[in-house]
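Subject: Structure for your review

Dear colleague,

Please find below the structure that I am handing over to you. My notes on it follow.

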Amino acid sequence: MGLQLYNSLTRRKEEFKPLEEGRVGIYVCGPTVYGHAHLGHAKSYVSFDILVRYLRYLGYSVTYVQNITDVGHLTDDADEGEDKLVVAAKKEKKHPMALAEYYTRSYFEDMDLLNCVRPDISPRATGHIIEQIELVKVLLEKGYAYEVNGSVYFEVAKFPDYGKLSGRNVDDMIAGARVEVSPDKKAPADFALWKKAEPNHIMQWPSPWGPGFPGWHLECSVMSMKYLGKTIDIHGGGLENQFPHHDYEIAQSEAANGVQFVRTWIHNNMITVDSQKMGKSLNNFITLKQAFSGAHERLTRGYEPLSVRQLILNSHYRSPLDFSDAALFAAQSGYQKITGAVKAVRKRMGTAAQGEADKKVAEQLKQLREKFETAMNDDLNTSVALSVLFELVRLAQKLLKDSSTNVGTLNLVNVLFDRLGGEVLGIVKAEYPEPAGLDEKRFNQLVDIVVGIRDKARKNGDFETSDAMRAKLEASGIELHDGPQGTQWSIIETEP
């Protein structure tokens with residue numbers, strides 16, 4: 001069975017076949033950079049990182065595009081309110097573009113720590129204003145859009161397939177509207193392609209309709225088409241983006257080009273906290289920096305970034321993942337178990353006897369690889385794939401207990417760890433550097449601390465502890481000199 005992916009458009013699993021044999025174009029909605037990335041972002045971008053990694057594992061040449069939204073994303077996620085970048089910039093007393101630069105760097109720092117492969121192309125909305133204006137012109141010329149008082153709207157009544165992705169009809173959309181409808185619109189469901197900017201609006205550009213800025217939805221159509229063509233293989237994003245964002249993308253793209261916009265739509269589910277979506281708007285989010293450092297009231301400690309990645313892999317990308325400190329602790333324990341096994345195998349390879357790989361073990365490894373691929377081919381079932389990696393850990397531990405296990409056998413195990421755990425799942429590192437040794441300054445500080453504790457015990461009359469600590473320090477090559485002014489220490493000189 002080949003790779004089966006759940007297509008949100010057809011609402012079923014389908015065998016994946018790209019438009020061009022051997023090549024895949026993927027566009028994923030990237031972050032709106034007005035704050036640090038949180039665990040919800042990790043769920044999304046680790047999920048699509050797995051997709052990209054697995055397609056490459058299968059031998060596809062993948063072009064991965066993930067945008068940066070630095071203008072146009074309004075506070076109600078539709079057509080009204082203020083630009084989220086502008087709101088955050090006012091709060092932090094920074095220029096919106098300075099804010100965008102800061103949080104873009106922060107985002108990529110966090111993604112690097114999660115071991116997400118960098119997109120091949122990371123286009124920015126502000127870098128494609130000309131192309132967005134040109135798309136609006138096309139939609140006006142074809143009669144799908146209209147201009148009112150410097151703003152341009154898409155007329156949904158002209159596009160019969162509107163809402164085919166989310167399954168909502170126009171009446172449902174109007175009933176579910178969260179804001180007062182603009183009087184400029186012909187119909188409540190029409191959406192903005194270009195918004196008129198007031199004179200004091202910082203983020204604005206000249207256009208045929210006057211100074212303004214693009215709608216949030218326009219950028220993804222423009223950038224995906226520019227880098228991947230009018231029809232793309234896969235478009236990904238969070239489940240919450242099906243409506244309105246992706247419905248709007250389909251309408252404006254297919255109206256402009258007259259061809260199918262996306263062949264396979266993939267949506268990841270969310271991380272929840274107490275069964276409620278984690279998000280900035282609800283103020284219940286935990287940033288990745290907080291997760292890594294432990295600086296949050298819901299966390300009892302800081303966690304290794306790849307433990308966070310492992311937590312996400314424990315669930316299917318289309319299933320919600322309820323966050324808890326206990327779940328993250330369990331993920332870290334599992335990650336450390338895998339890491340320990342990989343390190344042990346590699347260390348043993350340096351001392352094991354030479355020899356050909358054991359045929360029985362080679363067959364076991366082949367079966368594990370096939371089981372892993374079956375899980376991944378079933379709509380990227382990472383939870384089952386991860387369980388296969390733990391089977392590999394148990395096999396490795398068994399082989400390590402056998403003194404006759406040779407280098408050839410261990411090398412096969414190591415290669416499978418690298419391919420499945422590293423190349424696909426991204427939780428096995430190519431190298432694990434040894435911890436750096438203490439420099440002289442830190443060594444001296446550490447000895448001073450220990451000597452100070454021992455000196456306090458001596459002054460309190462706890463001579464049993466004091467003498468025991470002296471003996472252990474001397475055994476480590478450190479000699480103590482007690483005196484009226486306290487205790488001094490020196491390194492015991494050894495014969496050359």
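I begin with a short parallel pairing: strand β11 (residues 271-273) and β13 are joined by two bridges and run parallel. Please bear in mind throughout that this is a predicted model. Within this pairing, Thr272 has Asp322 of β13 as its bridge partner. Both strands belong to an open sheet of three strands, ordered β12-β11-β13, in which the pairing is mixed. Its edge strands are β12 (276-277) and β13 (321-322), each of which pairs on one side only. As general background, strands of a sheet pair through backbone hydrogen bonds, either parallel or antiparallel.

The chain as a whole

The chain contains 15 helices and 15 strands. Its C-alpha trace spans about 90 × 65 × 40 Å along the principal axes. Of the 496 residues in the chain, 51% are buried. The chain exposes about 23500 Å², and carbon and sulfur atoms supply 50% of that area. Among contacts with a separation of 6 or more, 74% are between residues 24 or more positions apart.

A covered strand and its neighbours

Strand β9 (residues 232-238) is mostly covered, with seven of its seven residues buried. β9 pairs with strand β3 (residues 23-28) in the parallel sense over three bridges, and Tyr27 has His235 in β9 as its bridge partner. β9 also pairs with strand β10 (residues 262-268), again in the parallel sense, over six bridges. In that pairing, Gly237 stands opposite His267 in β10. The connection from β9 to β10 passes through helix α7 (residues 242-257), and this β-α-β crossover is right-handed.

The nonpolar cores

The largest nonpolar core has 87 residues, and Ile26 and Phe417 touch the most other members. Helix α1 (residues 39-57) gives the most to this core, with 11 residues. A second, separate core of 37 residues includes Leu9, Phe159, Tyr162 and Leu165. In soluble globular proteins, nonpolar side chains tend to be buried together.

What does Phe417 touch, leaving aside residues up to four places away in sequence? The residues in question are Ala341, Val342, Val345, Leu389, Leu392, Val393, Ala396, Gly422 and Val428.

Leu55 lies in helix α1. Leu55 counts as buried because its relative accessibility is 0%. Not counting residues up to four places away in sequence, Leu55 touches Leu3, Phe16, Val24, Ile26, Tyr60, Val62 and Ile234. One of these, Ile26, was named above for its contacts within the largest core. Leu55 and Arg23 are 32 residues apart in sequence, and their C-alpha atoms are 9.6 Å apart in space.

Helix α9 and Ala331

Is helix α9 (residues 305-313) largely enclosed or exposed? It is largely enclosed by the rest of the structure, because nine of its nine residues are buried. The buried residues of α9 include Arg309 and Gln310 as well as Leu306, Val308 and Ile312.

Ala331 has its place in helix α10 (residues 325-349). With a relative accessibility of 2%, Ala331 counts as buried. Not counting residues up to four places away in sequence, Ala331 touches Ser307, Gln310, Leu311 and Asn314; among these, Ser307, Gln310 and Leu311 are buried residues of α9. Ala331 and Lys289 are 42 residues apart in sequence and 17 Å apart in space, C-alpha to C-alpha.

Cysteines

How many disulfides does a search of the whole structure find? The search finds zero. Cys29 is in no disulfide, and the nearest cysteine sulfur, that of Cys220, is 3.9 Å away. For comparison, the cut-off used for a disulfide is a pair of cysteine sulfur atoms within 2.5 Å. Cys29 is buried, with a relative accessible area of 7%.

Why does Cys116 form no bond with Cys29? The sulfur of Cys29 is the closest cysteine sulfur to that of Cys116, but the two are 16 Å apart, which is too far for a bond. Cys116 is buried as well, with a relative accessible area of 8%.

With kind regards

Terms used
Residues numbered from 1 in each chain as written. Predicted model: local features only at pLDDT ≥ 70, side-chain atom pairs only at ≥ 80, totals over all residues. Heavy atoms only, no water. Core = buried A, V, L, I, M, F, W, Y, C linked by side-chain atoms within 4.5 Å. Buried < 20%, exposed > 50% of the residue type's maximum accessible area, 1.4 Å probe, protein only. Helix = DSSP H or I, 4+ residues; strand = E, 2+ residues; numbered from the N terminus. Contact = heavy atoms within 4.5 Å. Pairing = 2+ DSSP bridges. Right-handed = clockwise from strand over helix to strand, strands pointing away. Areas by Shrake-Rupley, 256 points an atom, 1.4 Å probe, with all protein chains shown as cover.
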